[in-house]
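Work through the exercises below with the sequence and the structure open. Try each task before reading its solution.

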Amino acid sequence: MTVLRVGMCPGLSHDLINALQSAGIRTVEHLVSTNIEELAQKCSFSYKALMAVRRVLLAQHTAFPVFGLDLYEELLCSTAILSTGNPSLDKLLDSGLYTGEITELSGGPGSGKTQVCFGVAVNISCRLKHGVLYIDTSGGMSAGRLLQMVQAQIPGAAEQMAALQRIHVYKALDAFSLLACLQEWRAAGLQLMSAGSSVKAVLVDSLSALFSHLVGGRQSNGMSMMMQVAGELKLLSKDFGVAVLVTNHVTRDSSGVLKSGLGHSWSHVPHNRVLLQKVERPGSHTCLRVAELTKSSRQPCHLQEELDISYSKNLNPENQPVTS
Amino acid sequence: MLRTVASSSLAPSVKAKLIRAGFCSVADLQELRPGQLSKEVGVSQEEAAEILKTLHTDALPVNDGGLVARGVTALELLQREQAQGSIVTFCSALDSALGGGVPVGKTMEVCGPPGVGKTQLCIQLAVDVQIPMCFGGLKGQSLYIDTEGSFMVERVVDVARAAVEHCSLLAEDAEQQKAMKEFTVEKILSCLFLMRCHDYVKLLAQSYLLPSFLSEHPEVRLIVIDSIAYPFRRDFEDFSHRTRLLNALAQHLNQLATQHNVAIVLTNQMTTKVWNGQSKMVPALGESWGHAAAQRLILYWEGARRLAVLSKSSRPDGGHCCHTRSLWSAHTPTP
């Protein structure tokens with residue numbers, strides 16, 4: 001609902017706005033949907049002037065239809081597939097994270113979601129040499145660990161520092177600051193945020209820390225904020241051509257089966273969902289996890305892969321680690 | 001700026017009135033005076049002035065070194081992390097598993113069965129944070145929030161005396177000798193603040209008063225809540241309400257740790273989980289509480305030895321380490 005303001009279009013003068021307000025019309029939608037003849041009789045303005053204003057406002061505010069073929073061609077040139085740095089995860093996600101899509105990673109505490117996010121950030125920064133925006137909501141970011149992972153991939157100190165400079169970390173410790181952050185990026189453009197290097201991924205770790213206590217109660221305010229965040233993330237991914245990765249916690253339903261948190265409404269938002277679980281091997285603690293694909297636009301569901309989250313060796317396709 | 005009215009921190013009823021009057025984004029409201037706003041929206045003039053003030057403060061950047069507004073590169077964050085210290089525990093195996101000690105600026109949870117030493121570890125940390133900087137410590141103060149009544153001043157005196165003795169044995173140059181003159185048992189006790197909370201309402205209220213406490217005492221570098229499980233495990237019929245309160249408290253504590261640069265240590269109890277005919281000891285307060293702290297240390301018994309496992313941290317080794325009874329004896333803390 002856009003309020004009518006002076007200067008929105010030529011012909012929308014102060015007198016016209018006052019006359020429209022006295023006739024009970026305050027917003028663009030209201031003006032466009034009323035009968036202009038009756039309106040011209042109520043206010044002292046001519047039918048022609050009102051029709052001209054209406055035409056310009058309609059042109060400014062309508063959405064344009066696009067042919068499917070044009071959309072497909074645009075998708076082919078603008079979509080990129082970003083490898084996550086972990087070959088098994090890439091296989092699960094049909095070669096990696098797609099720009100323009102939201103991927104969700106959920107798992108219990110200690111299951112490795114933050115490590116996988118670090119791996120994605122480091123891979124995009126070191127190998128693909130693009131910028132990454134990392135939003136940390138729960139204090140899990142450790143720059144020392146990022147440095148360790150970068151050192152495993154790149155030998156020289158100067159390149160390591162350059163790779164670290166391409167990863168930008170933001171702290172959003174409550175829902176309002178997260179929304180403010182995302183809206184500011186949409187207004188200013190992501191390039192300004194990263195001082196030059198093109199941003200290809202936005203990581204939010206973790207979304208559930210901010211919203212799990214707001215949804216599920218009797219008030220719907222929390223749900224509305226979560227859906228606004230979902231909308232902002234989708235707009236960001238489409239408008240700026242970035243891949244979005246968010247992390248989520250897990251809960252158990254009444255029969256004891258693991259499922260991702262944040263409820264039913266959130267489950268429709270991500271395009272792809274991966275569930276991480278620890279591998280139950282008695283005795284030792286391993287760095288192996290099992291990833292299951294629970295929702296995907298392209299692959300059949302319930303595919304499983306074993307992941308190694310130590311990121312200590314160079315996990316590129318030329319030398320696959322041997323998993324026992 | 002594309003800040004929408006729906007995303008601002010106003011009350012839901014006020015937001016509904018603003019949206020019904022046709023205001024979509026914050027920019028629409030910026031040129032209005034309170035009188036005009038109250039006429040258009042249908043609220044009193046004081047409420048309109050309040051609305052404009054809230055929106056104005058929302059738009060100001062938060063003063064915390066640019067982490068929220070501007071963001072920092074990972075390189076700058078690395079330099080900041082390396083400049084920040086960590087709090088030693090005087091058990092070398094535990095310190096090396098934690099990467100030097102308990103990190104400042106993050107929350108850590110310590111879980112374990114009764115008697116394994118959680119309160120002792122907390123008391124040790126509350127003393128160790130006060131070690132002078134020339135010995136590698138942080139020279140900070142500590143706040144101990146006791147919910148179970150397990151805090152014993154006599155034990156603190158023992159640990160403080162041992163720490164002072166240990167440091168005086170290490171003192172070599174003039175600067176360290178000078179620092180030792182101030183590092184006495186009385187000074188340690190006077191820099192340890194104690195709060196007692198007997199139920200969860202008092203604990204939650206106290207946590208909301210912590211920001212002003214930390215602003216008045218900027219030298220506090222450690223907050224211990226011992227234990228966080230006890231007030232939440234009794235008198236709660238509605239578990240989903242408890243989960244929501246705990247998640248809100250966890251996020252609030254994370255916010256405090258980051259903004260005021262303090263380490264927060266929480267102790268938790270253990271409970272038995274029966275699953276598929278087997279029973280296992282798991283940390284209490286439910287599965288979603290596991291996401292609250294950035295690091296989780298689980299202490300357990302193996303025969304007569306105490307072992308510690310870092311079950312959640314930013315390092316993926318899942319390090320196992322062991323520490324023995326002599327750790328917190330009054331006489332010789334093992335360096």
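**Exercise 1. State how much area chain A and chain B bury between them, and how many residues of each are in contact.**

Step 1. Buried area is the accessible area (1.4 Å probe) that two parts lose on being put together, summed over both. For chain A and chain B this comes to about 4,800 Å², with 57% of it on carbon and sulfur atoms.

Step 2. Count a contact where heavy atoms lie within 4.5 Å. On this basis 61 residues of chain A are in contact with 56 residues of chain B.

Step 3. Note the basis of the values: this is a predicted model, in which local features need pLDDT of at least 70, side-chain atom pairs count only at pLDDT 80 or more, and totals for chains, interfaces and linings use all residues. Residues are numbered from 1 along each chain as its sequence is written, chains are lettered from A in the order in which they are written, and side-chain values use heavy atoms, with hydrogens and water left out.

**Exercise 2. Find the salt bridge across the interface of chain A and chain B, then follow its partner in chain B.**

Step 1. A salt bridge is a side-chain nitrogen of Lys or Arg within 4 Å of a carboxyl oxygen of Asp or Glu. The rule finds 1 salt bridge across this interface.

Step 2. The two side chains are those of A:Arg252 and B:Glu287, at 2.7 Å from N to O.

Step 3. Within chain B, the side chain of B:Glu287 also meets that of B:Lys273 in a salt bridge, at 4.0 Å from N to O. B:Glu287 lies in the loop between β10 (278-283) and β11 (295-302) of chain B and B:Lys273 in strand β9 (residues 270-275), so the pair ties together parts that are 14 residues apart in sequence. Helices (H or I, at least four residues) and strands (E, at least two) are DSSP runs, numbered from the N terminus.

Step 4. Are these two residues buried or exposed? Buried means under 20% relative accessible area, exposed over 50%, and partly exposed in between (1.4 Å probe, protein chains only). B:Glu287 is partly exposed at 32%, and B:Lys273 is partly exposed at 28%.

**Exercise 3. Say which strands of chain A and chain B pair.**

Step 1. Two strands pair if DSSP finds at least two bridges between them.

Step 2. β5(A) and strand β1 (residues 72-73) of chain B pair in the antiparallel sense over 2 bridges. In this pairing A:Val169 stands opposite B:Val72.

**Exercise 4. Compare where the residues of two salt bridges lie, one within chain A and one within chain B.**

Step 1. In chain A, A:Lys91 forms a salt bridge with A:Glu305, with the closest N and O atoms 3.5 Å apart. This pair links distant parts of the chain: A:Lys91 is in helix α6 (residues 87-92) and A:Glu305 in strand β12 (residues 304-308), 214 residues apart. A:Lys91 counts as exposed because its relative accessibility is 55%.

Step 2. In chain B, B:Arg155 forms a salt bridge with B:Asp158, the closest N and O atoms being 3.6 Å apart. Both lie in helix α8 (residues 153-170), 3 residues apart, about one turn of the helix. B:Arg155 is buried at 16%, whereas B:Asp158 is partly exposed at 28%.

**Exercise 5. Describe the surroundings of A:Gly131.**

Step 1. A:Gly131 is in strand β4 (residues 131-136) of chain A. Its relative accessibility is 0%, so A:Gly131 counts as buried.

Step 2. Leaving out residues up to four places away in sequence, A:Gly131 touches several residues, among them A:Ile124, A:Arg166 and A:Val199.
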